[in-house]
Amino acid sequence: MCGIGGLIGAQDEGGMISRRLLAALRHRGPDDEGMIQPTPTVSLVHTRLSIFDLSPAGHQPMTDGPSRDSSGSWVVFNGEIYNFKELESELAARGQTFRTRCDTEAILRSYREWGEAAISRWRGMFAIGLVDPARGVGYLVRDRLGIKPLYMSRLPGGALAFASELRALMSLSPEMGSNEVEPAALESFFAQGAVHGYQTLIKGVEMLRPGEMLAVDLATGKELRRATYWHLPSAVGGDAPARADAVEELHEVVTGAVKLHLASDAPLGLFLSGGIDSSALLALASASWSGTLRTLTIGFDSPEFDESDISAATASRFAVEHQNIRLAGSDVLGQMPGALAAIDQPTVDGFNTYFVSKAAREAGLTVALSGLGGDELFGGYATFTDVPRAIALAENPVLSMIARLGSGFMRNRAGLKLAETSRRPADALAMYLLRRELFLPVERRALMPRPESSDPLTGVDSALLEQLRVESRGMGAATKISFFEMNLYMRHMLLRDSDVASMAAPIEYRVPFLDHRMVEAVFSTPDSWKMPDPRPKPLLLDIAGAGVAPEVWRRAKRGFTFPWAEWMGKDRPLNQVAEDAVNDTGRWRDLGIDASAPRRTWKQFLAGDRRVSPLQILAFIVIRDYSARFKLHAA
């Protein structure tokens with residue numbers, strides 16, 4: 001796990017721009033750093049968190065030429081190629097020799113052998129910048145699931161700048177331009193609690209899409225072509241395989257994926273909650289781990305959010321070294337400035353990963369495995385049952401009318417969303433987004449005008465929604481929701497937040513359940529297998545076998561979250577932080593937001609109005625801090 005950046009099509013005299021990129025990425029790689037100009041119009045920077053081949057041989061930028069001054073290809077790489085040993089063996093048989101024991105060299109050697117076709121052979125999580133001076137072409141490549149981020153922007157004159165984090169590109173101002181907010185991205189943040197889509201909060205900066213390759217001209221930075229080399233597969237057709245046979249095959253695929261993710265030359269452990277996903281991951285990992293595996297849990301001073309006991313019980317079933325870190329509201333308050341500063345795009349999530357990653361690093365770990373992806377693949381979220389119910393409600397005029405009338409008596413957030421179902425089409429995507437919506441349309445209009453490109457109901461980019469509707473046609477109900485979870489909530493919140501929050505420690509955050517071969521195998525299973533039987537996530541439980549104890553899956557799902565409502569209450573640790581945020585009139589004015597709306601929402605929250613979510617208040621805290629830090633402003 002590292003930080004990468006570069007300029008293509010620009011002469012960086014004296015390396016002044018590159019040095020700013022390098023400085024902005026330094027927190028991602030404390031072990032080593034490098035900067036090179038392989039051609040007069042190309043600059044590459046890299047900061048290294050050493051995982052494979054901890055020696056200086058793994059230094060980046062790396063070349064496949066005979067020396068650092070050669071005309072060979074060059075690469076900067078963030079992530080892991082888990083099948084690099086397999087690639088090494090195949091390439092060695094073809095006559096290629098290796099100078100290192102790290103996966104970075106496998107990228108260069110495979111490109112030398114197969115050219116662009118090498119991309120589809122890489123199995124892992126990665127964001128890659130590769131330049132081939134001999135051919136005058138450069139490539140930016142992102143992994144299939146979007147685990148590793150890659151941001152891009154055009155400098156005046158057309159040169160292309162890229163980096164692992166948005167703030168690294170923002171460090172290039174004024175070369176990059178003004179720090180002007182993209183209104184559609186701000187709208188989607190208020191709608192979903194994170195910027196959804198590939199246009200970022202900063203106008204002119206975009207993300208390379210998952211499973212995408214961009215080829216550019218090295219002399220000018222001009223785009224030559226853009227191609228998608230992988231798509232999330234649709235559901236299988238025809239007769240379903242016998243479930244017992246399928247479970248056996250899936251067990252082999254999943255076990256193989258987990259085993260690959262356990263490879264590391266640096267200290268490794270596993271994040272353990274009280275849920276099914278991390279318990280199943282621990283069971284599968286323990287079967288492939290020869291030594292004593294380390295596990296880490298965060299406990300809270302609020303009993304209703306604390307999973308320490310069940311996590312400890314799970315750990316005790318395996319030969320692991322378990323550590324529990326307890327957090328109180330005062331702990332969060334003391335570290336809140338650091339947690340907010342770690343945010344790369346505004347979000348109301350990721351704080352849990354920030355704290356557990358810091359704890360893991362302090363405990364001596366460099367790599368940690370997470371069960372992220374299990375809920376999306378195996379039907380673990382409430383959306384898998386709530387969305388079909390909401391569609392049925394919207395399709396029935398009588399039930400819809402009763403719901404509207406009944407919602408008026410509920411006087412809570414659920415009541416507001418119940419009433420909102422009658423205003424939405426009986427459409428899986430619309431109801432899915434409503435289920436996860438943070439600020440409803442009327443609440444968003446109290447904050448700011450609607451941007452033209454945003455869908456008036458969901459607040460998400462209209463073009464993205466149309467693309468997802470087209471791609472999900474023909475899928476069964478559960479598979480369709482899985483598709484939406486992976487393309488929206490997981491991709492634009494969970495993975496993005498996990499990357500920056502873990503790198504603030506820094507620690508490498510691995511997600512074995514998002515191995516693309518495992519995703520292909522599980523995603524295309526019959527729709528019914530993703531629904532309770534009545535066990536939650538029965539397919540994952542069967543794959544894990546007896547490794548997940550009944551007391552784990554019989555518990556009501558909690559989720560790994562913080563007790564924000566309690567911590568923000570009157571005389572509580574985060575109360576003053578929220579008070580200061582909502583009353584920052586100048587900041588709201590700079591963003592084009594009506595300053596009375598945050599104050600009004602805060603007063604409702606303090607008065608105990610259950611129609612206000614604590615995450616809405618957290619959103620005000622986050623966007624105020626973020627915009628002040630980067631001096632953002634509306635057009």
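**Exercise 1. The hairpin of β11 and β12**

Task: Starting from V216, which stands opposite E223 in β12, describe the pairing of β11 with β12 and the residue with positive phi in their hairpin.

Solution. The model is a predicted one.
- Step 1. V216 faces E223, a residue of β12.
- Step 2. Strand β11 covers residues 212–217 and strand β12 covers residues 223–228; the two run antiparallel and are joined by 5 bridges.
- Step 3. The hairpin has 5 residues between the strands, and G221 takes a positive phi near 80 degrees.

**Exercise 2. The antiparallel sheet**

Task: Give the strand order of the open sheet of 6 strands, and explain why one side of β2 and of β10 is left without a neighbour in the sheet.

Solution.
- Step 1. The order is β2-β3-β1-β9-β8-β10, and the pairing is antiparallel.
- Step 2. β2 (32–39) and β10 (205–207) are at the edges and have a single partner strand each, so one side of each is left without a neighbour in the sheet.
- Step 3. On average, neighbouring strands of this sheet are turned by 15 degrees against each other, direction ignored.
- Step 4. At the β10 edge, β8 (residues 151–154) pairs with β10 in the antiparallel sense over 3 bridges. Y151 has M207 in β10 as its bridge partner.
- Step 5. Helix α1 (residues 16–25) packs on the sheet and touches β1 (2–8), β2, β3 (42–48) and β9 (160–163). The direction of α1 makes about 20 degrees with that of β3.

**Exercise 3. The parallel sheet**

Task: Which strands are at the edges of the open sheet of 5 strands with parallel pairing, and across which strands does helix α7 lie?

Solution.
- Step 1. The strand order is β15-β14-β13-β16-β17, with parallel pairing.
- Step 2. The edge strands are β15 (320–327) and β17 (508–510), each pairing on one side only.
- Step 3. From one strand to the next, the twist averages 30 degrees.
- Step 4. β17 is joined to β16 (residues 367–369) by 3 bridges, and these strands run parallel. V367 has E508 in β17 as its bridge partner.
- Step 5. Helix α7 (residues 276–288) lies across β13 (268–271), β14 (293–300), β15 and β16. The helix runs at about 150 degrees to β13.

**Exercise 4. A helix pair**

Task: Characterise the packing of α9 on α27 by angle and axis distance, handedness and contact residues.

Solution.
- Step 1. Helix α9 (residues 329–341) and helix α27 (residues 614–629) pack at an angle of about 65 degrees, and their axes are 10 Å apart.
- Step 2. Their crossing is right-handed.
- Step 3. From α9, M336, L340 and A341 take part; from α27, they meet L618, I621, V622, D625 and R629.
- Step 4. Sorted by class, this contact has 6 nonpolar, no polar and 2 charged residues.

**Exercise 5. Cavities**

Task: How many cavities of 30 Å³ or more does the structure hold, and which elements give the most to the linings of the largest and the second largest?

Solution.
- Step 1. There are 6 cavities of 30 Å³ or more.
- Step 2. The largest cavity has a volume of about 120 Å³. Its lining has 16 residues, with C2, L49, Q60, D103 and T104 nearest the centre.
- Step 3. β5 (74–81) and α3 (103–114) are the elements that give two or more residues to this lining. The largest share, 4 residues, comes from β5.
- Step 4. By class, the lining of the largest cavity has 7 nonpolar, 6 polar and 3 charged residues.
- Step 5. The second largest cavity has a volume of about 80 Å³. Among the residues that line it are A339, I343, F351, Y354, D497 and V500.
- Step 6. Two or more residues of that lining come from each of α10 (351–362) and α19 (489–503), and α19 gives the most, with 3 residues.
- Step 7. The lining of the second largest cavity divides into 7 nonpolar, 2 polar and 2 charged residues.

**Exercise 6. The second largest pocket**

Task: Describe the volume and lining of the second largest pocket.

Solution.
- Step 1. The volume of the second largest pocket is about 310 Å³.
- Step 2. The pocket is lined by 18 residues; H231, Q467, E471, N487 and R491 lie nearest its centre.
- Step 3. α17 (462–471) and α18 (477–487) each supply at least two lining residues, and α17 gives the most, with 4 residues.
- Step 4. The lining of this pocket has 9 nonpolar, 5 polar and 4 charged residues.

Technical notes
Residues are numbered from 1 along each chain as its sequence is written. This is a predicted model: local features need pLDDT of at least 70, side-chain atom pairs count only at pLDDT 80 or more; totals for chains, interfaces and linings use all residues. Side-chain values use heavy atoms; hydrogens and water are left out. On a 1 Å grid over the protein atoms alone, a cavity is a set of points where a 1.4 Å probe fits but cannot get out, and a pocket is an open set with protein on both sides within 12 Å along at least five of seven lines; lining residues have an atom within 4 Å of a point. Grid points are joined across faces, edges and corners, and a volume is the space filled by probe spheres set on the points. Ala, Val, Leu, Ile, Met, Phe, Trp, Tyr, Cys and Pro count as nonpolar, Asp, Glu, Lys and Arg as charged, and the others, Gly among them, as polar. Two strands pair if DSSP finds at least two bridges between them. Axes are lines fitted to C-alpha atoms, for helices over the stretch in contact, and angles run from 0 to 180 degrees between N-to-C directions. Contact means heavy atoms within 4.5 Å. A crossing is left-handed if the near helix is turned anticlockwise from the far one by less than a right angle, and right-handed if clockwise.
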